[in-house]
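Colleague: I'm new to this one and could use a guided tour of a single part. Could you take a close look at how some of the strands pair up, and set that against the whole protein?

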Amino acid sequence: MSYDQNPYGDQRRGDDRRRARDSRAGGYDSYQRAGGEGYHGQRPAGDYRSQRSSPDAYGRTGSYGAGAGSRGYASDPRAPRGDAYARDRRAGGRSAGAASSRTGDSSPRRVASRDGRPAASRQPGRYQDAPQLGGGDRRRASGSYARQGAGNRYSTPAGGHSSSRGRGQAGRRSANGRGGAPKIGMPRLTTSAFSAHSAHGRGGMPAGGGRRVDFAGARPAIIGIACVAIFAITGILLWSNRKVDIKLNGEDFSVRVNSTCEQVISAAELSPKAGNLVSVSGKNLEDGAGYAFTASLGGNELSSEDAKAYRVTGGDELEITDGGDRMEDYDVEVMQENPQLEMGGDAWGNITYISQWPKPGSYEMRTGKRSGETARGDTLEETQNAIITVHQIVPDDGKKLVALTFDDGPAEKYTEAYLDILDKYNIHATFYNLGQNIEAYPDIAKKVIDQGSEIQSHTYQHAQLTKLDASALQNEFSSAFQDIKDNAGTDTTAFRPPYGDFNENAWLNSGGLASVSVLWNQDSLDWKRPGADAIVQNSLKGITSGSIILMHDGGGNRDQDVEALPTIIETLQGEGYEFVTVTELMKSDSSIPEDIASGNATMPEGCVWPTEIKGDDDNATAAATTAAASGDGSGED
């Protein structure tokens, strides 16, 4: 059949050899030279390769010439083996565009149908029943060849003639499903296949076209990293197991760092004796069942928990001795503890005050599970006792201060007479009023406050407080304090006990209503009416800074007091003394708590007044008795 008779209308030029050469030369231009618009048909019947065809798997024939013309899917085993690209086409069929990619031509490829011809010129139905490559499989197949390029020893040379090695590699690719129709499932690059690519020194790519991995170049780096890791681990092990020097029981000793106490004992071959198990009251229950050893670090004994957590470091001074006793397990009940009252302070003083307000505490009451004994355990909250302090006022900085005081008022005639004298010398005094007298003369009580002097309690009706029970005593206090507040408009918790009699038991019965008891240093003995001169002498005898002078404005005739008072004031002022109230005198002594010195301190919230006295304090009781006796032996005060 001549070319003019070609059923596909090809206008081929030259003989069969030139077409084969042009086809092998590759690229878009060879296609144009060989076939004008590309190969659209089969070779002439006179072509010896076109005559070597055989039926395919579908009963069709296809030619297997060197050109890129037709693309049958059934291969003819008799086709010439010198054309590697023909073998590729026999294995799976490549488009003319794929061949162009393999030769390295960068010209645009013509879009061809499965048989290598433009889709528009393909005869209808010619390959409809042939097995088809899916779109993705065609892209993967052509892409693989395009990436390898013309220089890859797996690609077909441009001339179309491949060496025996090329044929073998092409056959290997075809066998793995890369050059032909895909196998079922994704092809897997085996170790031998990967080695085959690498062995040719081209950095061959895996079958799937993945990134090249050069394991030969990475091997030295991997070995180096492994060596560094080994050295680091070895160094850490050596460092963590090094020995350090310590002082053990006063002697030099080397031991592995971070050793426990038990490990030190074992390494030093020590034999500490264990303590015993004891009851909650301290009785021995079992020998050797206590703590195994006692550990001290730097002279400080470690608790059992700290001893367990301890780890040796260089330079430690560790001492390990026999173990201590261990208390039996026990049940705990929390108990409340009420405060007690205790006396303290000076042997004698002109004031006695509450220096510490009482607060309850709590503690553990333990019951041993093994012994059944009951004993007091740890204190959970400290109990704060009521502390009563006897004190002699001593003004700070050597100031010469003295206080005038008047008992048993207010009273007609005499209280106002005293106020006039105080005004004359521009001084103030302290009046210890009875509650019942304030009720009788409220206006006079108010005049005392208006003059600048102050009022404190002398109880309600001048009862001897040490002879009263707690209820009656507290009533004496509360009634008088309330009368002062209601009539004189001032608050106070300071008082002067009648007859100067107020001891430790009276403080216990007071219920904490009073804060400070005020006695005196100079007793004028005016209640005896010894005459004005005697009253003056008694008031000035042995006086010192901080002294309190006792006089009366109620309870009888006080004409001698009115006569003696100006002389007392002038004499002391001449000696440089300053007259102040008792509150001012207390404030001048910084050792006295501020709330007490104010004269109106009350028991703070949360405090509980005691119901018992702490132990026997004969000295404090004797001091209170002595202070009372020195005030007034007649009972008229």
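Modeller: Here is a walk through one open sheet, followed by a few other strand pairings and the overall picture. Keep in mind that this is a predicted model.

Let's start with the open sheet, which has 3 strands in the order S4-S3-S8, with mixed pairing. Strand S4 (284–286) and strand S8 (326–327) stand at the edges with a single partner strand each, so one side of each has no neighbour in the sheet. Strand S3 covers residues 277–278, and its pairing with S4 is antiparallel, over 2 bridges. If you want a spot to zoom in on, find Val278, which sits opposite Asn284 in S4. As a general point, strands of a sheet pair through backbone hydrogen bonds, and they can do that either parallel or antiparallel.

Now over to strand S7, residues 317–322, which runs parallel to strand S1 (residues 243–248) and is joined to it by 2 bridges. Look for Lys247 here: its bridge partner in S7 is Glu317. S7 also pairs with strand S5 (residues 293–297), this time in the antiparallel sense and over 5 bridges. Thr294 has Thr321 in S7 as its bridge partner.

Zooming out, the protein has 20 helices and 22 strands. Of its 637 residues, 44% are buried. Take the contacts between residues at least 6 apart in sequence: 70% of them join residues at least 24 apart. As for the outside, the accessible surface comes to about 31600 Å², and carbon and sulfur atoms account for 48% of it.

Notes: Residues are numbered from 1 along each chain as its sequence is written. This is a predicted model: local features need pLDDT of at least 70, side-chain atom pairs count only at pLDDT 80 or more; totals for chains, interfaces and linings use all residues. Side-chain values use heavy atoms; hydrogens and water are left out. Two strands pair if DSSP finds at least two bridges between them. Helices (H or I, at least four residues) and strands (E, at least two) are DSSP runs, numbered from the N terminus. Buried means under 20% relative accessible area, exposed over 50%, partly exposed in between (1.4 Å probe, protein chains only). Contact means heavy atoms within 4.5 Å. Accessible areas come from the Shrake-Rupley method with a 1.4 Å probe; for residues, only the protein chains shown count as cover.
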